[in-house]
Amino acid sequence: MASKYAFPKPLKELRFHLCQTGASSTSLRSFLQRAYPVMKKHNPYTPILIREAQGVSPQVIARFEYGKEVKLPLDGVTDKDLETTIEKFVMTAP
């Protein structure tokens, strides 16, 4: 049985952009504190990067084979919904 955090083979990198103190990034910060260790455990060879910068809006960027990148803004997504949103995003993107 596959784990909910096991990424597909074409995914080469996953980047999270968020603000360290901004209210719009609160749910992403709590999600990453909870889910990052599990994601890394199930995907030891896939880079999972967390980029913090003052004033940026939360988003996730997935890089796939052949340099294809897909962005997903995470403004207004609750902590509870982040898990399913990111899972669907990674699994359905090219």
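## Where the two helices meet

Let's start at the helix pair: Ser-27, Leu-28, Ser-30, Phe-31 and Arg-34 of α1 touch Asp-79, Leu-82, Glu-83 and Ile-86 of α2, where a contact means heavy atoms within 4.5 Å. Sorted by class, this contact of α1 with α2 holds 4 nonpolar, 2 polar and 3 charged residues. For that sorting, Ala, Val, Leu, Ile, Met, Phe, Trp, Tyr, Cys and Pro count as nonpolar, Asp, Glu, Lys and Arg as charged, and the others, Gly among them, as polar. Keep in mind that this is a predicted model: local features need pLDDT of at least 70, side-chain atom pairs count only at pLDDT 80 or more, and totals for chains, interfaces and linings use all residues. Residue numbers run from 1 along each chain as its sequence is written, and side-chain values use heavy atoms, with hydrogens and water left out.

Helix α1 covers residues 26-42 and helix α2 residues 79-92; their axes come within 9 Å and cross at roughly 65°. Helices (H or I, at least four residues) and strands (E, at least two) are DSSP runs, numbered from the N terminus. The axes are lines fitted to C-alpha atoms, for helices over the stretch in contact, and angles run from 0 to 180 degrees between N-to-C directions. The two helices are therefore roughly perpendicular to each other; on this scale, under 35 degrees is roughly parallel, over 145 roughly antiparallel, 65 to 115 roughly perpendicular and the rest oblique. The crossing of α1 past α2 is right-handed, as the near helix is turned clockwise from the far one by less than a right angle (anticlockwise would make it left-handed).

## The sheet

Next up is an open sheet of 4 strands in the order β2-β1-β3-β4, with mixed pairing. Its edge strands, each pairing on one side only, are β2 (48-52) and β4. Direction ignored, neighbouring strands of this sheet are turned by 20° against each other on average. Two strands pair here if DSSP finds at least two bridges between them. In general, strands of a sheet pair through backbone hydrogen bonds, either parallel or antiparallel.

Both helices pack on this sheet. α1 touches β1, β2 and β3, and its direction makes about 155° with that of β1. α2 touches β1, β3 and β4, with its direction at about 160° to that of β4.

## Strand β3 and its partners

Strand β3 (residues 59-64) is mostly covered, with 5 of its 6 residues buried. Buried means under 20% relative accessible area, exposed means over 50%, and partly exposed is in between (1.4 Å probe, protein chains only). β3 runs antiparallel to strand β1 (residues 11-18), and 6 bridges join the two. Phe-16 has Val-60 in β3 as its bridge partner.

On the β4 side (residues 69-73), β3 is again in an antiparallel pairing, this one with 5 bridges. Val-60 turns up here too, opposite Leu-72 in β4, while Ala-62 faces Val-70 and Arg-63 has Glu-69 as its bridge partner. Phe-64, also in β3, counts as buried because its relative accessibility is 2%. From Phe-64 to Ile-86, 22 residues along the chain, the C-alpha separation is 15 Å.

## The β3-β4 turn

β3 and β4 form a hairpin with 4 residues between them. Tyr-66 sits in the loop between these strands and has a positive phi of about 65° although it is not a glycine. With a relative accessible area of 83%, Tyr-66 is exposed.

## Two buried loop residues

Being in a loop doesn't keep Ser-25 or Asn-43 from being buried. Ser-25 lies between β1 and α1, and its relative accessible area is 0%. Leaving out residues up to four places away in sequence, Ser-25 touches Leu-18, Cys-19, Val-56 and Pro-58.

Asn-43 is in the loop between α1 and β2 and counts as buried at 5% relative accessibility. Tyr-5, Ala-6 and Phe-7 are its contacts, again not counting residues up to four places away in sequence. For Asn-43 and Tyr-5, the separation is 38 residues in sequence and 7.9 Å in space, C-alpha to C-alpha.
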